[in-house]
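Reader: I am new to this structure and would like to know the reasons behind the terms people use for it. Could you take me through them?

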Amino acid sequence: MKSQVEKISNRAFVRNVLVVASGTAIAQVIYMIFSPFITRLYGPAVYGQMGAFMAVVTIIGPVAALTYPLAIVLPKGNKEVRGLIHLSFLISVGSAVSLAVILFFFYDKIISLFNLTHLTDFLFLLPFVVLFSGSLQIAESWLIRTKQFKVTAKVAVMQALIVQGSMVLIGFLYPRASVLIIISALAIGLKAAMMIGFSNKRLFNLAQIRNESFTELKLIAAKHKDFPIFRAPEVLLDAVTLAVPVLLLANFFGPASAGFYAIGYTVLSLPAQLIGKSVGDVFYPRISDAKNNGENMTGLIKEATLYLGIIGILPYLIIIAFGPWLFSFVFGAEWWTAGEYARWMAIWTYFRFLNKASETALPALSAQGFLLAATAISLVVKIVAFVIGLYVFSSALAALAIAAIAEAIAEIIFLLITLHISKKNDQAYQVK
């Protein structure tokens, strides 16, 4: 038994996961230490405004660079990587400028069309968020490619301490939504700056603009066109899927209801942030190497999924069993309803957590078209479920319950299809 443990602990994949997870774990501990103060200082309505703003950020941020930064991990040579970094940054700048122009001319119409009156004073931050998000995606992919997982871990801890500490300190003097929203927006840029600054392999030296012509960038963009064609819409739809509940609850039941959902999802995301993202960051280059070397990809996906399932079952079961009591004890009595929401949300978030390895493997399997279709179906399922709950039962809890069950079924089907695609890929390689 001891030799088996030593054998597992010596594997580079496991060591890297532990490095990333340790930093994320410390960051999550910091979040949990400060969260009871934040929820008591600001309250559900203020927290709901921040949740609604972050829902908008969740939609536009991931597509700031049309997901080209995700391709940085894949190439063998640094020249192509340099081009992808340059291309990604230029697209991020263009997206930020375009959004600023749109807001300048159509600010009032956008607020009216999407019923964002509760965010009127904060939409001007969105162009900055787009630029910060694109830069962050570039920095994250660069650290993954160069396997600088210690930097990722260190930055996670420092960002959590600075951001959460600022929210608490300022909240004692000025507990307003503007504090939470502005700090949350700046936190994205802060994380990107720290990742670039702490990297021991110079990102900007690699991305000097003069080294790539416009023609070269066009060729690189065309080579990785499956990312903007398939992955960017998928990321956008996935973000909409996550944001829809917050926006619907805010419109139908007010900011407090959105706040209950936001804090519930934040808590339920802890395992995903702690383990799921850590596994995903390390698994992405590993599965790409496996594809290039002709290894059995299905076995790797099954193994990673099994580990995630075992690790995640206990925390999600605890939320299902004791959610309301835990939330009221940790965050205050007024957050009991958030615990009720979290009970149902835990069902589908567990299966979403379980599928992290499958989702990460799809670019290497050249199956991003399937991922886009699956995400679109998931969005439709969630919207229909919420509409039924809101209009038929006039209950936020009923909407969450229906959506949770439907999403869980969809995630199970997603896993089975991904394994089928992987198995066909392995068989095709063996034939060659």
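Reader: How much surface does the protein expose, and what supplies it?

Author: About 19700 Å² is exposed in this predicted model. Carbon and sulfur atoms supply 70% of that area. As for the residues, 53% of the 432 count as buried.

Reader: What makes the protein as compact as a globular protein of its length?

Author: Let's begin with its make-up: 16 helices and zero strands. The radius of gyration is 21 Å, and the globule rule gives 22 Å for 432 residues; the two values are close, so the protein is as compact as a globular protein of that length. Along the principal axes, the C-alpha trace spans about 60 × 55 × 40 Å. Contacts also reach across the sequence: among those between residues at least 6 apart, 83% join residues at least 24 apart.

Reader: Which residues touch the most other members of the largest nonpolar core?

Author: Those are F53 and L119, in a core of 127 residues. Helix 2 gives the most to this core, with 15 residues. Beyond its close sequence neighbours, L119 touches Q49, A52, F53, V56 and I181. As a general background, nonpolar side chains tend to be buried together in soluble globular proteins.

Reader: How do you know that the span of helix 13 agrees with its number of residues?

Author: Helix 13 has 19 residues, 336–354, and at 1.5 Å a residue they should span 27 Å. The end C-alpha atoms are 27 Å apart, so the span agrees. There is still a bend in helix 13, of about 40° at M345. M345 is also one of the buried residues of this helix, which include G339, Y341, W348 and F353.

Reader: Why is I320 called partly exposed?

Author: Its relative accessible area is 35%, and partly exposed covers the values between the 20% and 50% cut-offs, so the term fits I320. I320 sits in helix 12, residues 297–331. Farther along the sequence, I320 is in contact with R343, A346 and I347. I320 and I347 are 27 residues apart in sequence, while their C-alpha atoms are 7.9 Å apart in space.

Reader: What is the phi of T67, and is T67 buried or exposed?

Author: T67 has a positive phi of about 65°, although it is not a glycine. Most residues other than glycine have a negative phi. T67 lies in the loop between helix 2 (12–60) and helix 3 (78–113). Its relative accessibility is 1%, and buried means under 20%, so T67 counts as buried.

Reader: Why does S394 count as exposed?

Author: S394 has a relative accessibility of 52%, and exposed means over 50%, so S394 counts as exposed. S394 is found in the loop between helix 15 (368–392) and helix 16 (396–431). Its phi is near 50°, a positive value in a residue other than glycine.

Reader: And how do you know that S378 is buried?

Author: Here the relative accessibility is 13%, which is under the 20% cut-off, so S378 counts as buried. S378 is placed in helix 15. Leaving aside neighbours within four places in sequence, S378 is in contact with T241 and E407.

Conventions: Residues numbered from 1 in each chain as written. Predicted model: local features only at pLDDT ≥ 70, side-chain atom pairs only at ≥ 80, totals over all residues. Heavy atoms only, no water. Helix = DSSP H or I, 4+ residues; strand = E, 2+ residues; numbered from the N terminus. Expected span 1.5 Å × (residues − 1). Bend = angle between axes of the 7 residues up to and from the residue. Buried < 20%, exposed > 50% of the residue type's maximum accessible area, 1.4 Å probe, protein only. Contact = heavy atoms within 4.5 Å. Core = buried A, V, L, I, M, F, W, Y, C linked by side-chain atoms within 4.5 Å. Rg over C-alpha atoms; globule rule 2.2 N^0.38 Å. Areas by Shrake-Rupley, 256 points an atom, 1.4 Å probe, with all protein chains shown as cover.
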